[in-house]
Amino acid sequence: QVQLVEAGGGLVQAGGSLRLSCTASGRTFSTYHVGWFRQAPGKEREFVASISRGGTSTDYADSVKGRFAISRDNAKNTVYLQMNSLKPEDTAVYYCAARSSRYESYDSWGQGTQVTVSS
């Protein structure tokens, strides 16, 4: 497992942008697949985006395709989530998570960062 810390959340108007970061401890971060999830009040946690170890493969929830972009800088042990054209329905606590293989469950989670989009 790795320790994950998210940052970059905040309050933004609809149509605005934010960039979240997820920084990991440990030297083996590049061996982990990383995903972003979110949980809105009263709703279940949902998948947002994921990225492969080398960053060559990404996946997105339909609700964020074309607006969000996930990337990683393994030299900095950091994964980013660039969020553009934000909507009020994007309001949630955003979590990053890591897993050792795309066939495993995510077993390392950050503490979350709040994103609030005002209309």
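**Salt bridges in the predicted model**

Arg38, Glu46, Arg67 and Asp90 are joined in a network of salt bridges. The structure examined here is a predicted model, and its salt bridges come to four in number. A brief tour of these pairs follows, starting with the members of the network.

Within the network, Arg38 pairs with Glu46 through their side chains, with an N to O distance of 2.6 Å. The two partners sit in contrasting surroundings. Arg38 has a relative accessible area of 5% and is therefore buried, since the buried class covers values under 20%. Glu46, at a relative accessible area of 35%, is partly exposed, because this value lies between the 20% limit for buried residues and the 50% limit for exposed ones.

Arg67 and Asp90 make up another salt bridge, and here the closest N and O atoms are 2.7 Å apart. This pair links distant parts of the chain, its residues being 23 apart: Arg67 belongs to the loop between strand 6 (58–60) and strand 7 (68–73), whereas Asp90 belongs to the loop between strand 8 (78–83) and strand 9 (92–99). Both Arg67 and Asp90 are buried.

A further salt bridge is found between Asp62 and Lys65, whose closest N and O atoms are separated by 3.2 Å. Asp62 has a relative accessibility of 66% and so counts as exposed, because that class begins over 50%. As helpful background to these pairings, side chains of opposite charge can pair when their charged atoms come close.

Technical notes. Residues are numbered from 1 along each chain as its sequence is written. This is a predicted model: local features need pLDDT of at least 70, side-chain atom pairs count only at pLDDT 80 or more; totals for chains, interfaces and linings use all residues. Side-chain values use heavy atoms; hydrogens and water are left out. Buried means under 20% relative accessible area, exposed over 50%, partly exposed in between (1.4 Å probe, protein chains only). Helices (H or I, at least four residues) and strands (E, at least two) are DSSP runs, numbered from the N terminus.
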